[in-house]
Amino acid sequence: MLLTTLRNIFAAFFICMLFCVRPVLADDIKYDVPAKTITISVPDKKLSIVIDYSSGYLIKQLKIKGQNVLSPAGIYTGIKTKDGSFSSNGKKNNIKLTKDNGVIRLSGLKYGNDAVMVTETWEFRLVGNKIRWNIVRDYSNETTLEDMAMPQYNFANLTVWKGGILDNGGMVWCKYLKQVNDTYGVHTGGVTFWNADSGNALRISTKTGNGYTIATKFSHSANNEFTSTQYVTDNPLEQGHNLSRFVSGKADVFAPFQVKKGTVKLEVDLEYVDYFKDYSRGTLPGVDAVAVRELLNTTGRYGVVDNNIIGANGWVSNWKCLHEPFFAQIGMAVDDKNYTKNMSATLDQERDEAVLPSGRVLSRWHNVPGDEIPGTYNAKTGYYEAMWGYTIDSQPDFVINTSEQFDLNGDTKWLRAHQTTCEKALDWLIKRDANHNGIFEMMNNNVSEKKGSDWLDIVWASYENSFVNAQMYEALTLWANCEKVLGDKEKSTYYTDVAKRLKDTFNKPIAEGGFWSPEKKQYVYWRDDDGSIHGDNLVTPVNFAAIAFGLCDDSRRIAQILDQVEARAVKENLFHWPLCFDSFRREEVSGGNWPFPKYENGDIFPTWGYLGIRAYAGYNKSIALKYISNILKQYKKDGLSSQRYDRLTQTGQGDDILAGISTTITALYRDIYGIRPKWNRMGIEPNMSSSLNGTAFSYTLRDTVYQLKLSANDYTMSTTGFSIKSKDGFGASKNRSLLTFYPGNKDDMLLQVNAGSKKRIDMQIDKWKPHVFSWTITSADNYQFIIKGLQTGASYKVEVNNVVQNIKADSAGNLTIKQRCAGATKFTVKKTV
């Protein structure tokens, strides 16, 4: 009985330690009754607010590590009707202060006019190191509001924060709010404002009641403040100017809206965040980790225009091109579950609104008409065909993004919901092989039509376009694997066969109908319907794509292309690759591309940098790393806040900022560090050089945090549940007591390690070669090991710490070993003749 009582006491103590709220100390909350102010400080003193209730409600100070970040306007709530503006501050109401069980409540505030009267209560309490603020607002009747503040944060200026990371995966960058009333409005509420110099950050988390939606606008005020205004409404807000999320010189980014009679609630958590710690990119020897962090948190996120709209150009120009295949990949590098969630929703919306019944994928989204083929702009959705011509790369690029997004979200139900659309998108282009040679034709036939057919939209690439076909090959290859996951082997085989035929023809010399120029040792850009060849001016995305997507696997050709490109870049001392090294012919391009080098005819567009890095990573890592370093240096100079760079001066050109300009750094993660998530596991396929030895960082995939340690031919992946060390790339997943190891991060063979308990499993792969497999277990437990993917019925010699036995693979190609491991135990499996 005594033992039971003690157990209950200890259990109650530990439950209290885990879940009980810390008692509020005297110096956490201070009341100045004569001044009618309340100061609330979190226990670690890194965040505090001062509430003034002398004439209404106002948070007049918000201090981060003792420094006030607000303007004199502070933080307030309010509404705006056609007749005027009304706020929580400056009202001589009978404000009542009550204190109840750690909750501070301000009540009695009323503001408004005959159209609508607002009654509002503010409540505050400490929850750990957060200040929880509840705003409870009651509207006297239904009405239309012009604007709302629930609440509005008025920061001292536009340099208090570099920007804010939004909880839809996007960001607001203060420097893009250049002019008074420049405003960016999005349909989300949570934001983490950060200062990249001090490392201080303020996280604002929001929660609305059921049936309500939240939106936020960020603006440059007339007093040169940086303001953040939040809205809680019954229905999602509509835009005030067409579909614009960003408007210059206008604060009314949202249209007037209805509010209903009744009560609306918003819960706000204010929290100090150590930005350097929470957003650390880890230890990156040989790479500027600070620049990587800042680039991915700004330029990398800039393509998030709003919920359901991720793409480039980005939010300042209110533009998105659906003919860009790299936004799921950007999400892989950004490594933010909010971005991943939003990218899935973006593809859902495009499936529903941007894909025609025929399977044609509309090429762009924009806030206003004017860039479209007449009659194609949908004013409700914003999707349309680009005025320069039918950019056919939107077909494969939708499929590429969908396939790569599936590897991030791991949701087979989501993928199945995209299966029909992706098949239709591919089949639409497959049907365009009119001459049945394996190459898919564009909508335009020759340069005389003066129409574009891909991302280089004012280059008149026509008929058989190698750049589009290279992307199609990648889409077919990726989608064939998705069909396999979904259980349709027949379609998987079909798309694989189509890809193979495309590859065979693509690599033929131009005289035989392919794209390879033996004379110039490069892939040409396109062939007109009359058989004439165009684009033999060393077009970099064309040649990089051929290598990066695996179309070109001829080592001699790879060397000829990449050595040629590097020699030309070094000769001009270019920090990054131009779209082409030599000029197109005059008749092949629009006047906007003339004279050379100009715009798409020779300027530097880092957007396609990931293709270059992927191509060089397997050929000469030092060259790949040079351009990664160069782009980081350029980011530190100008934030990559340009569309492109002038070929001659190498200075930024164009206010039409492109989010895709970040892809060189996404390739650092994919093709150097080898971050290759799969739908059912985490995968790494590193391509490390010795200069990067000691790289270590965490990576989160589907809420599991993986610790990665990478050096040349020495890779470790670990979680709280397992650790695997190997000289080669691999994939791994753990479900309860079952660890699955995927050699090479491939699906054709795997090793399952089933522990008797749910304890951590530690394993080193000593060798994994054809017919010889060896690993060492260093964690004690009872284990069952199953190697899957072996030759059916084949005999294998199995050594466990030098004890030999012979085992045959069963009819499914599986081999099973059971072993109690008390200490380090080495296993070797060899196929016998």
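**Figure 1. Packing around helix α10 in the predicted model.** The buried residues of α10 pack against five elements: α8, α9 (489-506), β32 (522-523), α11 (555-572) and α12 (609-617). The helix is mostly covered, with nine of its nine residues buried. These are Thr540, Pro541, Val542, Asn543, Phe544, Ala545, Ala546, Ile547 and Ala548. Gly550 follows α10 and has a positive phi, near 85 degrees.

**Figure 2. The second largest cavity, with a volume of about 40 Å³.** The structure holds two cavities of 30 Å³ or more. Lining the second largest one are Thr540, Pro541, Phe544, His576, Trp577, Pro578, Leu579, Phe605, Trp608 and Gly609. Helix α10 (residues 540-548) gives the most to this lining, with three residues. Sorted by class, the lining has seven nonpolar and three polar residues, and no charged residues.

**Figure 3. The largest nonpolar core, seen around Tyr673.** This core has 248 residues, and the members that touch the most others are Tyr669, Tyr673 and Trp775. Helix α8 (residues 466-485) supplies the largest share of the core, ten residues. Neighbours within four places in sequence aside, Tyr673 is in contact with Leu284, Val287, Leu668, Pro686, Met688, Leu692, Thr695, Phe697 and Leu710. A second core, of six residues, is separate from this one; among its members are Ile165, Trp194, Ala201 and Tyr275. As background, nonpolar side chains tend to be buried together in soluble globular proteins.

**Figure 4. Surroundings of Leu347 in helix α5.** Leu347 is found in α5, which spans residues 337-353. Leu347 has a relative accessible area of 1% and is therefore buried, the cut-off for buried being under 20%. Not counting residues up to four places away in sequence, Leu347 touches Phe398, Asn401, Thr402, Gln405, Trp414 and His418. Phe741 serves as a distant reference for this view: Leu347 and Phe741 are 394 residues apart in sequence, and their C-alpha atoms are 31 Å apart in space.

**Figure 5. Cysteines without disulfide partners: Cys422 and Cys580.** The model has zero disulfides. A disulfide would need two cysteine sulfur atoms within 2.5 Å. The closest cysteine sulfur to that of Cys422 belongs to Cys482 and is 7.4 Å away, so the distance is too far for a bond. Cys580 is likewise in no disulfide, and its nearest cysteine sulfur, that of Cys321, is 19 Å away. Cys422 is buried, with a relative accessible area of 0%. Cys580 also counts as buried, at 0% relative accessibility.

**Figure 6. Ser642 in the loop between α13 and β35.** The loop that holds Ser642 runs between α13 (621-638) and β35 (644-645). Ser642 counts as buried because its relative accessibility is 7%, the cut-off being under 20%. With residues up to four places away in sequence left out, Ser642 touches Gly652, Gln653, Gly654, Asp656, Ile657, Leu658 and Ile661.

Conventions:
Residues are numbered from 1 along each chain as its sequence is written. This is a predicted model: local features need pLDDT of at least 70, side-chain atom pairs count only at pLDDT 80 or more; totals for chains, interfaces and linings use all residues. Side-chain values use heavy atoms; hydrogens and water are left out. Buried means under 20% relative accessible area, exposed over 50%, partly exposed in between (1.4 Å probe, protein chains only). On a 1 Å grid over the protein atoms alone, a cavity is a set of points where a 1.4 Å probe fits but cannot get out, and a pocket is an open set with protein on both sides within 12 Å along at least five of seven lines; lining residues have an atom within 4 Å of a point. Grid points are joined across faces, edges and corners, and a volume is the space filled by probe spheres set on the points. Helices (H or I, at least four residues) and strands (E, at least two) are DSSP runs, numbered from the N terminus. Ala, Val, Leu, Ile, Met, Phe, Trp, Tyr, Cys and Pro count as nonpolar, Asp, Glu, Lys and Arg as charged, and the others, Gly among them, as polar. A nonpolar core is a set of buried Ala, Val, Leu, Ile, Met, Phe, Trp, Tyr and Cys residues joined through side-chain atoms within 4.5 Å. Contact means heavy atoms within 4.5 Å.
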